[in-house]
Amino acid sequence: MATTEECRSALDRLSDIMAQANSQVRSAAALDRSLSCRITDLDVTFTGRLVDGRIQVLDTRQGPPPDKAEIRLAMKGDDLVSLVGGELNFAKAWASGRISLEAGFRDLLRLRTLL
């Protein structure tokens, strides 16, 4: 089982990957939205913002997110680490229910390029 530190590191790596991506992906990630990533097996939530194509984690707390973020992810820690490491396909994990993604329709359309 992935630790809280490994999950935080995976989010930092994902942010770096997004910042180095091609212009189409950077454009899709160039949102300014509140973001939460709930790690269900650790009962921890990372909250922050998606700004200028990067993820800025502002807080880590036990339990569910205190507020409803504009973009909400939920998954197990191992799935986050595998996803960022390229070992887990987002679309298949989302379709099977391993990963939950909630956002407004327009945001989902822009995020599909990332996923």
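In this predicted model, W94 has a relative accessibility of 45%, and it therefore counts as partly exposed. F90, at 9% relative accessibility, falls below the 20% cut-off and so counts as buried. Both residues belong to helix α4, where a spacing of 4 residues separates F90 from W94 by about one helical turn. The search for aromatic pairs returns a count of 1. In that pair, the ring centres of F90 and W94 lie 6.4 Å apart and the planes meet at 15°, so the arrangement is stacked.

Attention turns next to the sheet. Five strands make up an open sheet in the order β3-β2-β1-β4-β5, and the pairing is mixed. The edge positions are taken by β3 and β5, each of which has a single partner strand, so one side of each has no neighbour in the sheet. From one strand to the next, the twist averages 15°. Helix α1 packs on this sheet, where it touches β1, β2 and β3, and the direction of α1 makes about 165° with that of β3. In general, the strands of a sheet pair through backbone hydrogen bonds, in either a parallel or an antiparallel sense.

Both senses meet at β4. With β1, this strand pairs in parallel over 5 bridges, whereas 4 bridges join β4 to β5 in an antiparallel run. On the β1 side, the bridge partner of S36 is R72 in β4, and L35 stands opposite I71 of β4. On the β5 side, I71 has A103 as its bridge partner. The strand β4 is mostly covered, with 4 of its 5 residues buried.

Helix α3 offers a helical counterpart to this picture. Its buried residues are G77, D79, L80 and V84. Viewed down the axis of α3, these residues fall within an arc of 160°, so they line one face of the helix. The cover over the buried residues of α3 includes α1, β1 and β4. Among the α3 residues, L80 makes contact with C7, A10, L11, C37, I39 and M75, once its neighbours within four places in sequence are set aside. Just after the helix, G86 adopts a positive phi of about 85°.

These elements come together in the nonpolar core. In soluble globular proteins, nonpolar side chains tend to be buried together. Here the largest nonpolar core has 26 residues, and the members that touch the most others are C37, I39, F46, I71 and L80. At least two core residues come from each of α1 (4–19), β1 (32–39), β2 (44–51), β3 (54–62), β4 (71–75), α3 (77–84), α4 (90–95) and β5 (100–103). Of these elements, α1 gives the most, supplying 4 residues. Two of the well-connected members already appeared above: I71, whose bridge partner is A103 in β5, and L80, which is one of the buried residues of α3. C37 and I39, which also rank among the members touching the most others, are both in contact with L80.

How values were computed
Residues are numbered from 1 along each chain as its sequence is written. This is a predicted model: local features need pLDDT of at least 70, side-chain atom pairs count only at pLDDT 80 or more; totals for chains, interfaces and linings use all residues. Side-chain values use heavy atoms; hydrogens and water are left out. A nonpolar core is a set of buried Ala, Val, Leu, Ile, Met, Phe, Trp, Tyr and Cys residues joined through side-chain atoms within 4.5 Å. Buried means under 20% relative accessible area, exposed over 50%, partly exposed in between (1.4 Å probe, protein chains only). Contact means heavy atoms within 4.5 Å. The arc is that of the directions from the helix axis to the C-beta atoms. Two strands pair if DSSP finds at least two bridges between them. Axes are lines fitted to C-alpha atoms, for helices over the stretch in contact, and angles run from 0 to 180 degrees between N-to-C directions. Rings of Phe, Tyr and Trp (its six-membered ring) pair if their centres lie within 6.5 Å; planes under 30 degrees apart count as stacked, over 60 as edge-to-face and the rest as tilted.
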